[in-house]
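Student: I have a chain to look over before going back to the bench. Can we work through it by question and answer?
Tutor: Yes. Look at the sequence and the structure, then ask.

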Amino acid sequence: MSEIGARMRAAAAGQSWQVEDDDAGESREEQWAGLRQRLVSDLKADAIEIPPLPKVAVELHQLATSADPDLRRAQAILERDPQLAGRVAQVACSPAYGGRAVTGLEMAIVRLGTTGLRDIAMAVAMGRVFRSKQLDGYVREQMQHSFSVASASRTVCSMLGLDPHYGFLCGLFHDIGRLTIGMAVSTYYSESGREIDMQALHDLADAHHEQVGAHILSKWGMHNMVKTVAAHHHTPAKAGAATPMAMAVAAADAADKIEAATVEERTAALTNMAAPYQAGLTSAADMETLATAVQHAKDDSVMSSLVS
């Protein structure tokens, strides 16, 4: 057994790690089994290290979901985080919000509203919380996908009469389990001094990201709908009352994963996929609107910079 396999199995069993020989010939299946055992054990023991959300992001989320979302209170919260305030002013001028200049933070807040502020704060929070030198490419790829799905989910929700702001939040966090698993795996491999097997990481994330995502969102105190969508975006029919939202996110997720150079190519591919139809998008115009939303998200350097 290799060093990393021995260490992971020992950690999962609550034993100290000791190995006399380093047999680097452990198969990927054995590595995956060791990773899975450690991850499942840590999940059951509530031992996965979950980074906290920045306090300002938490307070803006609480304000946005309160009975009296006061913009003056939002400004007072935001002014405690000058970096985030600068991002807000930048985003308020972006093409996503009309591309018009703002003269100050107050004007930016009025343009975005408390839910818009919350969405931006959560996107920035993700970029701050999930960082790893060993997995920089993996994290950036997941972040960009999350933002594209968030933006497309907001569009789909607007088309279907669902809450677009919750659509953005559900899309943003739908794959947060993949990022959490990436951070955990990075720690596991660092303990052994070995390079990360990226295929083993992807296999583990494929198998467990929904479960882990729902877990971290529960720890963060997110709305039940956001947690449910994270847990069932690959099986939206099982999402209960959140099924319409889960289907909207699933359609956006499928649209972003299409390899296409143009809106026309993405639109054509969407017409042959089940997810958009299941969500309630039935016409060629619907498919084009979804494809356009994904393309705009990929092209919007200001908004995508929030998660990079």
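Tutor: First, a term: buried means under 20% relative accessible area, exposed means over 50%, and partly exposed lies in between. Also keep in mind that this is a predicted model.

Student: By that rule, is D42 buried or exposed?
Tutor: The cut-off for buried is under 20% relative accessible area. D42 has a relative accessible area of 12%. So D42 counts as buried.

Student: Which residue forms a salt bridge with D42?
Tutor: Look along helix α2, where D42 and its partner are four residues apart, or about one helical turn. The partner is buried too, with a relative accessible area of 9%. The closest N and O atoms are 3.3 Å apart, and the residue is R38.

Student: How many salt bridges does the structure hold?
Tutor: The pair of D42 and R38 is one of them. E59, R73 and R80 are linked in a network of such bridges. The structure's total is 12.

Student: Which residue in helix α10 meets R178 in a salt bridge?
Tutor: R178 lies in helix α9 and is buried, with a relative accessible area of 10%. R178 also meets D175 in a salt bridge, at 3.5 Å from N to O. The α10 partner is partly exposed, at 47% relative accessibility. The pair ties together parts that are 28 residues apart in sequence, so the α9 to α10 link at 2.8 Å runs from R178 to D206.

Student: Which residues do ring pairs link into a cluster?
Tutor: The structure holds three aromatic pairs. F130 and W220 form a tilted one, 6.3 Å centre to centre with 50 degrees between the planes. F173 and W220 have ring centres 6.0 Å apart and planes at 65 degrees, so that pair is edge-to-face. The cluster is F130, F173 and W220.

Student: How many residues apart in sequence are F173 and W220?
Tutor: F173 is buried at 0% relative accessibility, and W220 is buried at 12%. F173 lies in helix α8, whereas W220 lies in the loop between α10 and α11. So the pair ties together parts whose separation in sequence is 47 residues.

Student: Which helices do the buried residues of α11 pack against?
Tutor: Helix α11 covers residues 224-232. Its buried residues are V226, T228, V229 and A230. They pack against α8, α10 and α12.

Student: Which residue has its ring face under R118?
Tutor: R118 lies over the face of a ring, at 5.7 Å from the ring centre. The ring belongs to Y166.

Student: Why is there no bond between the sulfurs of C157 and C170?
Tutor: C157 is buried, with a relative accessible area of 0%. A disulfide needs two cysteine sulfur atoms within 2.5 Å. C170 holds the closest cysteine sulfur to that of C157, yet it is too far for a bond, at 7.4 Å.

Student: What is the phi of D46?
Tutor: Most residues other than glycine have a negative phi. D46 is not a glycine, yet its phi is positive. D46 sits in the loop between α2 and α3 and is partly exposed, at 39% relative accessibility. Its phi is about 55 degrees.

Student: What share of the chain's residues count as buried?
Tutor: The chain has 16 helices and zero strands. It exposes about 13600 Å². Of its 308 residues, the buried share is 53%.

Terms used:
Residues numbered from 1 in each chain as written. Predicted model: local features only at pLDDT ≥ 70, side-chain atom pairs only at ≥ 80, totals over all residues. Heavy atoms only, no water. Buried < 20%, exposed > 50% of the residue type's maximum accessible area, 1.4 Å probe, protein only. Helix = DSSP H or I, 4+ residues; strand = E, 2+ residues; numbered from the N terminus. Contact = heavy atoms within 4.5 Å. Areas by Shrake-Rupley, 256 points an atom, 1.4 Å probe, with all protein chains shown as cover. Phe/Tyr/Trp six-rings, centres within 6.5 Å; stacked < 30°, edge-to-face > 60°. Lys NZ or Arg CZ within 6 Å of the ring centre and 35° of its normal. Salt bridge = Lys/Arg side-chain N within 4 Å of Asp/Glu carboxyl O.
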